[in-house]
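Hello,

Here is the structure I promised to pass on. My notes on the metal site and the aromatic rings follow below it.

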Amino acid sequence: MPSPLHDNALEQATQQILRAAADPALRPVVETVFDQATFTASHIAHDPATRTAAIIDSVLDYDAAAGRTHPGTAADIVARVRAQGLDVAWQLETHVHADHLSAAPWLQHEMGGTLGIGQDIVRVQDMFGTIFNAGTEFARDGSQFDRLFGDGDRFTLGSIPATCLHVPGHTPADMAYVIGDAVFVGDTLFMPDYGTARADFPGGSAADLFRSIRRLLRLPDAARVFLCHDYKAPGRDSFAWETTIGAQRTHNIHVHDGVDEATFVAMRAARDATLRLPGLILPSVQVNMRAGQMPQPESNGVSYIKIPLNVF
Ligand SMILES: [Fe+2]
C-alpha cells in the first residue's frame, strides 16, 4: 500500500472527485438493483452525455438445492439498460465474491462490456485453485478476465474519468472503482450503522482492511459511496447502499475517525469468529475465480461444483 505522504493514486482520485463536484457532467448516474437473496447491490453507472454504462458486481441467481442457475436480478439489469438505451462498456468486479455467483459472462453475452477485476486476482486464483485442486484446466493468470487493474490505473466511462484503488483486506485483490465522484467500495465499508466487511476468508487481513478503509476515508467528504451489500441494521428496516465519505468518517460504527488499528483488528477478529460462512461460498468461489464461468464440463457435458470436506 502506498505511503499516505506519496499516494499518487489517491491524489488522482481526489482531484477527479473535486472536478466532478464542480461539474455535473463528470458525475455518473447510478441505478441499483438489489438482490434480496444474497443482500447484494449491483450498480449500473452511466455517463448521461454519451450513455455509456458500467455494471458493477452483478448477481446470477443460484438454487443451491437443485444446482441450477437463473438470470434473476441480472435480467432486471438488462431490462433497465435496454429501456434507457445505454451502451455497456464495462463489467466490473470489485473482488471474487464468496456469497453469490457473478452474472458477468451472462451480461457480457447479452450486452457486451469489458470484464475487469483487480490484478491480484492471480493470488486469489492460486489460493482457491489449490484448495479446490482445480488442476491445469484452471489458469491462475487472470486470463479469464479482459482487463486486470492495478492501483492508480485509469479508465473512462464515456466522458467521465475513473481511477482504480487497490483496497485489500476482505480479500487480497479487492478494488474500489472511483468513477467521477462515485466510489464503488465493494466489500470494505458497509453502511455507517452496520460497519465493515469481514476479513476472515482465506487471504483476508483485518489490518489490511483497516488501512484500505482509512485510505478511502481520505477522499473528499462529498464523494458518493456505493456499497456491495446491505443487511439492514438495528433500528433500520429498509435496505440502503449509498452514503458519503463524510458520513462514513463521522459515523461508521467500526472505523469512524479516532478508531485505531489495534482496536479495529480486535473488534473484527472477535466479530468474524461469530460469523458463519456464507451459504453459497463453495459454488461462488469456484465460479467467480473463473470470472463467472462454470468449471469445464466433464465428458457427459455437465459442469460440476466440488465440495471439499473438512477444509473450510
Ligand atoms: Fe465479498
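His-170 is buried, because its relative accessible area is 4%. Buried means under 20% relative accessible area, exposed means over 50%, and partly exposed lies in between (1.4 Å probe, protein chains only). This is a predicted model, so local features need pLDDT of at least 70 and side-chain atom pairs count only at pLDDT 80 or more, while totals for chains, interfaces and linings use all residues. Residues are numbered from 1 along each chain as its sequence is written, and side-chain values use heavy atoms, with hydrogens and water left out.

The metal site

His-170 binds the iron ion through NE2. The other donors are His-95 (NE2) and Asp-187 (OD), and the distances run from 2.0 to 2.4 Å. Donors here are N, O and S atoms within 2.8 Å of the metal (3.2 Å for Na, K and Ca). Water is not among the atoms, so sites may look incomplete. Along the sequence, the donor residues follow the spacing H-x74-H-x16-D. The two histidines link distant parts of the chain, 75 residues apart. His-95 is in the loop between β6 (87-92) and α3 (104-111). His-170 is in the loop between β10 (160-166) and β11 (175-179). Helices (H or I, at least four residues) and strands (E, at least two) are DSSP runs, numbered from the N terminus. His-95 is buried too, at 2%.

The aromatic rings

There are 16 aromatic pairs in the structure. Rings of Phe, Tyr and Trp (its six-membered ring) pair if their centres lie within 6.5 Å; planes under 30 degrees apart count as stacked, over 60 as edge-to-face and the rest as tilted. Why does the pair of Phe-34 and Trp-241 count as stacked? Their planes meet at 20°, with the ring centres 5.4 Å apart. This pair also links distant parts of the chain, 207 residues apart. Phe-34 is in strand β1 (residues 29-35), and Trp-241 is in the loop between β13 (224-227) and β14 (242-244). Phe-34 is buried at 15%, whereas Trp-241 is partly exposed at 24%.

Phe-149 and Phe-155 make a tilted pair, with 5.3 Å between centres and 35° between planes. Phe-149 is buried at 0%, and Phe-155 is buried at 5%.

One aromatic cluster includes Phe-34, Trp-241 and Phe-239. Lys-232 lies over the face of Phe-239, 4.7 Å from the ring centre. A charge sits over a ring if NZ of Lys or CZ of Arg is within 6 Å of the ring centre and within 35 degrees of the ring normal. Arg-290 has its charged end over the ring of Phe-138, 5.1 Å from the centre.

Best wishes
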